[in-house]
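Visitor: I am new to this structure and should like to understand the terms used to describe it. Might we look at it together?

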There are 2 protein chains.
Amino acid sequence: MIKFKVPATSANVGPGFDCFGLAYSFCNEYKIEKSEKMIIEGCDPAFTGKDNIFNVAFLETMKKLNKKGSFHVYYKPTIPTSRGLGSSASVIVAGCKTANLLYGGLKKLSDDEIFQIASKIEGHPDNVAPAIFGGLTASTKLDSGIFYHKKYTVSKKLYFTVLIPNFKTSTEMARKLLPKNYKKNEAVTMLSHSTLMIEALQSGDFNLLKTVCKDYIHEPYRKKLIKDYDLIKKTVEKNGDAVLLISGSGPTLLTISNNKDFAKNLKLKGTKALWIIKPMKVAK
Amino acid sequence: MIKFKVPATSANVGPGFDCFGLAYSFCNEYKIEKSEKMIIEGCDPAFTGKDNIFNVAFLETMKKLNKKGSFHVYYKPTIPTSRGLGSSASVIVAGCKTANLLYGGLKKLSDDEIFQIASKIEGHPDNVAPAIFGGLTASTKLDSGIFYHKKYTVSKKLYFTVLIPNFKTSTEMARKLLPKNYKKNEAVTMLSHSTLMIEALQSGDFNLLKTVCKDYIHEPYRKKLIKDYDLIKKTVEKNGDAVLLISGSGPTLLTISNNKDFAKNLKLKGTKALWIIKPMKVAK
């Protein structure tokens, strides 16, 4: 039996829509072994059929390895599903890793080869890159068709906390809400915000972060799907020591603060939904 | 008499519209001394009146220094004007530096203080930042009203060449050509291109550069103002070892190559205008 973990991730991280991703030391743990037939245990039975993404990822990786065989996996989905925390990217990466660990032998695929397979299945590399490489990543698909990622190290001066609600949203629905066009000043502002957000997260410059974390691409549209958003934003940002972003397509919210006691002191009052306040360490 | 140089700069650098700037070791040299009345020599007489930007910058800096006095400057405008090579940013920065060097005494302003004054006069920090700090810069105006810049070091694996034509264009006209709205996929693509262009220029990863240098904000609209653009683009990019960008708002074009002999081998045939091919070193 082999054990490994794949982390929860926040895509977008404010101005990095479909590009940035952040990995946390909050993971699904997968226990795997070779098996004559596919067995998936521990998670919701809805995710144990042959067409589930774990198996799809396993089979794609087996094809690349040019191997035949099956697996038995046990995992408790610690990362909640449909919350914007990259649970599907975690499961896809885990499927790839399962094939690689059980059947890769001496010719195991590199992390980058797994990144290519998993990004293709997921459709976007933004959750997959941090799930594999950790830290903060910017990723995209190059003209050559190859997925590219760059990893950055996040400053220890910044403290991350996710607020996870007891309701779900659909990524597909969240994607449909985006407008077809953006105003010139919005599109232009996003260039500098995305570039300098990377710098703010690397350096921990919180004054810079407060300006450049602002997003005009997805957050103004998606916040409508998230109950309590305006109330929470006001509460989180009232002392000027934290900003509020949407994790992936939501509904989980992500706060970034320069105050290490921020999560401890945060009280959400008057919300309609139940929110879990969960401090996060960025995965190395 | 004091001598100092302020470099030519290319703003935008592809996907970094109104944000990125690149400084070259191709400069205007300014010779200055204290004087009872303003004297500007060496340049076009049209730029020697009291309302010229050198004097405006000088006076703004004197105000900040809380000093009174005037100057005599001699400079030959080596950086051609109205070509998208940051000649006005060079002159504004030089006006600020003149006040600081002649009258700053023991309380000279820092480079960042000069950056604040010069960016305010220029309206944008994108040419001013590299003119002061050198290298590659990303700059913006923060919500606090303060101008921010980050400097990056450009890889030695990349070779820069500017193509300067014998005609001028107006920045104002080039700005008016931009559309009011951009399509979603254009705006979204620009986020990753701008962020990863910084990475491509730092690392010298030319494969990455070829994808992420593509701009959808200004180049498709401004190229119409530049005679020979399509012909030159085809010529520059035919061997796959160089890309063509517009320097600032043009009409100067900027090529980036991974081939050190690129400029030497480049022949522009059949162009309507005269083009000077000028290899550039990035200023430190």
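The following conversation takes up a sheet and two helix pairs.

Guide: Please bear in mind that this is a predicted model.

Visitor: What makes β9 and β11 of chain A edge strands?

Guide: The open sheet has four strands in the order β9-β10-β7-β11 (chain A), with antiparallel pairing. Strands β9 (242-246) and β11 (275-280) of chain A each pair on one side only, and they are the edge strands. On average, neighbouring strands of this sheet are turned by 25° against each other, direction ignored.

Visitor: How do you know that β7 and β11 of chain A are paired?

Guide: Two strands pair if at least two bridges are found between them. Strand β7 (residues 159-165) of chain A is joined to β11(A) by six bridges, and the two run antiparallel; the requirement is therefore met. Within this pair, A:I164 stands opposite A:I276 in β11(A).

Visitor: Which helix packs on the sheet, and which strands does it touch?

Guide: Helix α9 (residues 229-237) of chain A packs there, touching β7, β9 and β10 (253-257) of chain A. The direction of α9 makes about 150° with that of β9(A). Angles over 145 degrees count as roughly antiparallel, so α9 and β9 of chain A are roughly antiparallel in direction.

Visitor: Why are α1(A) and α3(A) called oblique to each other?

Guide: Helix α1 (residues 53-65) and helix α3 (residues 111-122) of chain A pack at an angle of about 135°, with their axes 10 Å apart. Roughly perpendicular covers 65 to 115 degrees, and roughly antiparallel begins over 145. The angle of about 135° falls in neither class, and the two helices are therefore oblique. The crossing of α1(A) with α3(A) is right-handed.

Visitor: Which residues of α1(A) and α3(A) meet?

Guide: From α1(A) come A:I53, A:V56, A:A57, A:E60, A:T61 and A:K64; they meet A:E113, A:I117, A:A118 and A:I121 of α3(A). Six of the contact residues are nonpolar, one is polar and three are charged.

Visitor: What makes α2(B) and α3(B) oblique?

Guide: Helix α2 (residues 87-103) and helix α3 (residues 111-122) of chain B pack at about 140°, with axes 10 Å apart. Roughly antiparallel requires an angle over 145 degrees; α2(B) and α3(B) are therefore oblique to each other. Their crossing is right-handed. Among the residues making the contact are B:I92 and B:C96 of α2(B) and B:I114 and B:I121 of α3(B). By class, this contact has eight nonpolar, two polar and two charged residues.

Note on methods:
Residues numbered from 1 in each chain as written. Chains lettered and ligands numbered in written order. Predicted model: local features only at pLDDT ≥ 70, side-chain atom pairs only at ≥ 80, totals over all residues. Axes fitted to C-alpha atoms, helices over the stretch in contact; angles between N-to-C directions. Contact = placed C-beta atoms within 7 Å. Parallel < 35°, antiparallel > 145°, perpendicular 65-115°, else oblique. Left-handed = near helix turned anticlockwise from the far one by under 90°. Nonpolar A, V, L, I, M, F, W, Y, C, P; charged D, E, K, R; others polar.
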